Amino acid sequence: MEKAERAARELEAIFGKGNFFIELQHHGTERDERLREGLVELAGRLDLPLVATNDIHYLDPEDRLAHEVLLNIRAGKTMNDPDHRTFEGEGYHFRSGKEMEELFADLPEALKNTRQIADRCNIDLDFSRSMIPPFALPDGETDPNGYLRRLAYTGAEERYGGISSDVRERLDYELDVIARMEYSTYFLIVWDFVRFAKESGIAVGPGRGSAAGSLVAYSLGITGVDPLKYNLIFERFLNPDRVSMPDFDIDFCIKGRDRVIDYVRRKYGGEKWWKRIAQIATYDRMAARSVVRDVGRVLGVPYNVTDRVAKLIPFGWGLATAVDRVVELRTLYEEDTDIRRVIEIGLRLEGLTRNASTHAAGVVIAPDELTNHVPLLRIGEGEFVTQYDMTDVEAVGLLKFDFLGLRNLTLLDETCRSLEGSGGAKIKLDEVPLDDEKTFTLIRSGKTAGIFQLEGSGITKLIRRVQPDRFEDLIAILALFRPGPLESGMTDEYVERRSGKKEVSYPHPALEEVLSDTFGLPIYQDQVMLMAQRLASFTLAEADVLRKAMGKKDEKIMRGLREKFITGCLKNGLSQRLAEATFNDMEKFSRYGFNKAHATAYAFVSYWTAYLKANYPTHFMASLLSSVSSDTDKIAEYIRECREMKIEVLPPDINESRSEFTPVGEGKIRFGLGAIKHVGEGAIRAIVSAREKGRFTSFFDMCRRVEGETIDREALEALIKAGAFDRLGASRRGLLRHLAEGVELMQVAQRERATGQRSFFEEAGEAVPDPAVTEPEFDRNDLLALEKEFLGLYVSGHPLDEHRQTLSLHTTPADQAKNLPKGARATIGGWVKSLRRINTKRGDQMAFVTIDDGTAEVEFTVFPRILTAAEDLLREDALIGVEVSSSERNGGVNLIAEDVFPLSEITARGGVSLTMVLDPEKIDEATLKRIQGALAASPGDVPVRFKLVGDARSIAISVDDRYAIAPNETLRESLLGLEPIVAVYIGNGTEP
């Protein structure tokens, strides 16, 4: 009590008489009662006012159990744990005035003081201001508006080689808007750190989001897209009629992003930058499926029960919607008390914060101390983030920047550096011609692995339909390959119009200039804005407000703008009917329209990656492999792509490999040491440094010459097993047996260097002899197994090598099997890459198996009966054949194993046929004769089929037996060279 009295007197002295209160709470615990008595007595003795409060953790009394469950979800405990989390006492909800009066009836002055304190509170939040930190102007400059204008005009002069009237008019307009909205300093800060990045050799993207619509940003070098050339709209970025902070999202090379952030911290935060600059918090919230599983675990409900309930909730649905609309879930809720309890608690917890983390790119800069504007959250030792998320940070007026790391910029930068470093061309990406035929040929072929935004089966299919031959087509493809346009039919309409199968039409002749690039369809938000300008004389600022209201379906704003639009159309000579129909069309298209500035900027990155892949394939693929060196699956995928491109990926070599994948001649790439397991960067640096003085002559020579203590026994063993010393003559088996001698040599050499001593042999001028390595090599399968273990994949060979011809003739390729129609059957085969077993509801085991056939991977499901019968065959690294049937699951193809057998039996499992898929519109008598000639050049017993593919359906036709062939790759390639043939399949007769 003495300490309490001393503390109370001290606090009253600090805050002043009448400003320090003794707080009382009432939660029905024994501790509360003891505290209450002592505190009331203390307040009376010191003449201090009392105040009644309540410890609030949830709103309603009914939330108590849900709150307790939440505490234990976060603690990882169940309600059955003796030490599970709980609050003693009661009343931790938001108590009403009546409840508080009853609890503190004996101390009415405490409640009176609660009201007085509330009345003293006065806060006025101003959400209209923007808090932009100051920018230090250079000597001689006094006005940020004037300095920005000078920089913009100088940059425009360099960009265009002069200032035309169009450039001047647009620049003046933008600069006037920026100055009026007081954003000149913001532009200068962004210009400053982008300039720093470029001068430091850090790759910067051409733009992201709507910022590429600004000519000022283009002139300053912030963006790399000419908004005049591509008809991009400034008001989509900064609208003078809609006061909101412009949003510069900047892409940087992944390896340089942190250097840019450090620069910003130093320059705009000073020595104590952490007081003014912080990253932004992001919050993971409890979604419907996860909250059901979490609540069930805490309540002790069996996992298979909650897992079943969770799987009944469609992805993206809320729990209440799912219970209301999913019949099976509704039935379980009504009939099973455990499930009802889980769901009812889940409904109270859904959407709450699960945990906080750091936003991947968001950084906020304040003009003074951040704590004056936002609360901070400590998420690690010395690491703070804003408690407000990105949206709330912007709402209070703080300046937010997104420093985004884009792997593809690193890929582009390292490919160009690799080219220049090997004596090749010096590439400036922004000077690359946008009509390179090699580039478009590559894109049209669908060989888009590694190409930014264009890899993946879905977009590859769209590319093949569009057959792009100009840069504008790439912009359109990026805008159209999204759920809205794909589901609405807009994408199909675009393809039909572009191919000439449908007539191009325009709602009004005045819109032809706006819509001609996209064949009469408004696929960009910018086009919707321009339509409003052309037809109804909207300003672009008004058109942007309309665009946003349409996108958000804001009926209140749209009603007024609809009237204004129709009135404007009537003044410009349009009929009432046409004006209303056009507005309705604009409203419909605005739901699917995409930001053209963003699509254009990213189309540049797509084109540049395709250009380098098409023109400098070896350097590009080496950089691509390096960019995914920590992802074994991606490395395997891209090595497969290398093989198709006739580029050989060589195993690691101690005398050629660097940390990254390295071109070692045209069509050859050396595997990177950094991708070998257990070999760290320190070891690699030591090896490369020692090698600069001369190539290693043996394993033991390397052990003597490497300096430092960064290479340990584990790293040496990994290098041996991965084959890094194979070209020096000694066997891997032998080197592993002499590994201890190598380690000892390395340690002795390091001690001698440290002490300045020399060995007896060196004193005599003789070379220290290597230990003799005479052991024979492992067999081929063991060598491949070592490669797989330490590289994560096979490089020098593959267990499937001797089976490739058999697989190509007798099985359906994996990538085709993924798209089998429902009910179809096929034979697939290959190497078992992974196998995952789970228990069924009955307690039996089933499995999900992924096999690799050397061209692609495919997963299939093995139910208990087949799994039991094929137990000895189904294991990782096994070579198997599988009869599968196709069904649907979650809207996609699900392959089910009907039989599993050794790959050696594949030949006896079905006949072989050759199927040609033809475009019926390109078939004529001359092409049929050329096909006939190609077939005649490879006579045999394998039957041939034609498959004619039209818009609505396809027809399969068996060819006369006299045209039977002997299948081979030469025949396949000669057939693919004939124009009407879209694809050629040699397989076991399965419908392709």
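Asp139 is exposed in this predicted model, with a relative accessible area of 82%, and its place is in the loop that runs between helix H5 (108–120) and helix H6 (144–160). From Asp139 to Lys198 there are 59 residues in sequence, and the C-alpha atoms of the two stand 23 Å apart in space. The protein around them has 992 residues, of which 48% count as buried, and its secondary structure comes to 42 helices and 21 strands.

**Overall form and surface**

- Taken along the principal axes, the box filled by the C-alpha atoms of the protein is roughly 105 × 95 × 80 Å.
- When contacts between residues at least 6 apart in sequence are considered, 67% of them join residues that are at least 24 apart.
- The protein exposes about 49,000 Å² of surface, and carbon and sulfur atoms supply 48% of that area.
- The protein carries 130 positive and 159 negative charges, and the mean positions of these two sets are 1 Å apart.

**Nonpolar cores**

- The largest nonpolar core holds 158 residues, and the members that touch the most other members are Phe193, Phe248 and Phe671.
- Helix H28 (residues 596–615) gives this core its largest share, which amounts to 13 residues.
- Phe193, one of the three residues named above, is in contact with Ile250, Phe252, Val260, Tyr263, Val264, Phe401 and Phe403, when residues up to four places away in sequence are not counted.
- There is also a second core, separate from the largest one and made up of 28 residues, including Val291, Val301, Ile343 and Ile345.

**Salt bridges**

- Side chains of opposite charge can pair when their charged atoms come close.
- A search of the whole structure finds 60 salt bridges, and the pairs described below are among them.
- In helix H2 (residues 30–46), Arg45 and Glu41 lie 4 residues apart, about one turn of the helix, and their side chains meet in a salt bridge with an N to O distance of 2.2 Å.
- Both partners of this pair are partly exposed, Arg45 having a relative accessible area of 37% and Glu41 a relative accessibility of 39%.
- In helix H7 (residues 165–180), Asp176 and Arg180 are likewise 4 residues apart, about one turn of the helix, and the N to O distance in their salt bridge is 3.1 Å.
- Asp176 counts as partly exposed, because its relative accessible area of 38% falls between the 20% limit for buried residues and the 50% limit for exposed ones.
- Lys564 and Glu542 also form a salt bridge, in which the closest N and O atoms are 3.6 Å apart.
- This last pair links distant parts of the chain, 22 residues apart, with Lys564 in helix H26 (residues 555–571) and Glu542 in helix H25 (residues 540–552).
- Lys564 is partly exposed at a relative accessible area of 39%, and Glu542 is also partly exposed, at 22% relative accessibility.
- Elsewhere, Asp469, Arg470, Asp473, Arg498 and Asp517 are joined into one network by salt bridges that share partners.

**Two buried residues and their surroundings**

- Thr223 is found in the loop between helix H9 (215–220) and strand S3 (249–253), and with a relative accessibility of 3% this loop residue counts as buried.
- The residues that Thr223 touches, apart from those up to four places away in sequence, are Arg159, Pro206, Gly207, Ala211, Ala212, Ser214, Ala217 and Tyr218.
- Glu641 has its place in helix H30 (residues 632–644), and its relative accessible area of 10% makes this residue buried.
- With neighbours within four places in sequence left aside, Glu641 is in contact with Lys447, Ala449, Lys613 and Met621.
- Set beside these two, the loop residue Asp139 gives the opposite case, for Asp139 is exposed at 82%, whereas Thr223 is buried at 3% and Glu641 is buried at 10%.

How values were computed:
Residues numbered from 1 in each chain as written. Predicted model: local features only at pLDDT ≥ 70, side-chain atom pairs only at ≥ 80, totals over all residues. Heavy atoms only, no water. Helix = DSSP H or I, 4+ residues; strand = E, 2+ residues; numbered from the N terminus. Buried < 20%, exposed > 50% of the residue type's maximum accessible area, 1.4 Å probe, protein only. Contact = heavy atoms within 4.5 Å. Areas by Shrake-Rupley, 256 points an atom, 1.4 Å probe, with all protein chains shown as cover. Lys, Arg positive; Asp, Glu negative; His and termini not counted. Charge placed at Lys NZ, Arg CZ, Asp CG, Glu CD. Core = buried A, V, L, I, M, F, W, Y, C linked by side-chain atoms within 4.5 Å. Salt bridge = Lys/Arg side-chain N within 4 Å of Asp/Glu carboxyl O.
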